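Have the model open in your viewer and your selection tool ready. We will move from one stop to the next, with something to pick at each.

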Amino acid sequence: QLASLSGITSIAAGSIHSLAVKNDGTAWAWGRNVAGQLGDGTTADKSSPVQVTGLSGITALAGGGSHSLARKNDGTVWAWGNNSYGELGNGTNTSRNTPAQTALLSSVTAVAAGGSHSLAFRSDGSAWAWGSNRNGQLGNASNTDSNVPVLVGAGVAAAPVLSPGDGTYNPPQRVSMSSATS
């Protein structure tokens with residue numbers, strides 16, 4: 001238990017920062033803060049936990065390279081920190097030191113973060129990704145970065161079925177189509 005933080009219900013780690021959710025639904029962060037990934041309105045590093053500004057009802061957190069994500073109990077996603085590749089998903093490439101709502105998403109049940117990209121899983125079974133796509137990590141059959149969420153599997157013949165609950169993955173299948181002529 002951290003000396004100044006009790007009632008922790010979940011934790012997450014970024015590359016250079018750490019995050020925690022308390023049982024009252026608040027989010028807390030500490031560590032390196034060069035891009036505002038602690039979400040406290042500053043870019044000063046913190047060696048003790050500070051509360052993320054303006055968030056309540058948090059159920060999950062994810063830490064990326066220099067950005068952070070939160071899922072609220074209403075199914076929305078909030079993000080802060082580095083946004084060079086659009087990893088905050090708010091339609092800009094401007095970094096933020098306080099949370100901003102990610103565009104186009106609702107009914108989110110899980111969030112995850114990579115070094116410079118972000119992911120969300122929705123209750124309808126769809127997966128969404130945004131941010132850096134240099135290596136195709138958004139899964140949308142391109143290598144173009146996106147500063148808004150894009151559907152994983154868009155642009156491929158059959159979208160992968162992802163299920164975080166049981167850890168299964170069904171790879172895309174090739175589909176061939178032909179047209180009937182009369």
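## A loop, a sheet and a hairpin

Begin with L104, which sits in the loop that links β8 (96-101) to β9 (108-113). Keep in mind that you are looking at a predicted model.

Check the backbone of L104 while it is selected: its phi is positive, about 70°, although L104 is not a glycine. Most residues other than glycine have a negative phi. Is the L104 side of this loop buried or exposed? L104 counts as exposed because its relative accessibility is 63%, and the cut-off for that label is over 50%.

Now select S107, found in the loop between β8 and β9. S107 also is not a glycine and has a positive phi, of about 55°. Its relative accessibility is 34%, so S107 counts as partly exposed.

Next, select residues 8-13 and 46-51. These are β1 and β4, the edge strands, each of which pairs on one side only. They belong to an open sheet of 4 strands with antiparallel pairing, in the order β1-β2-β3-β4. From one strand to the next, the twist averages 20°.

Stay with β1 and add β2, residues 17-22: the two run antiparallel and are joined by 5 bridges. To see the register, pick I8 and look across to K22 in β2, which stands opposite.

For the last stop, select β5 (residues 58-63) and β6 (residues 67-72), an antiparallel pair joined by 5 bridges. With 3 residues between them, β5 and β6 form a hairpin. Which residue of β6 stands opposite L61? Look for A70.

Key: Residues are numbered from 1 along each chain as its sequence is written. This is a predicted model: local features need pLDDT of at least 70, side-chain atom pairs count only at pLDDT 80 or more; totals for chains, interfaces and linings use all residues. Side-chain values use heavy atoms; hydrogens and water are left out. Two strands pair if DSSP finds at least two bridges between them. Axes are lines fitted to C-alpha atoms, for helices over the stretch in contact, and angles run from 0 to 180 degrees between N-to-C directions. Buried means under 20% relative accessible area, exposed over 50%, partly exposed in between (1.4 Å probe, protein chains only).
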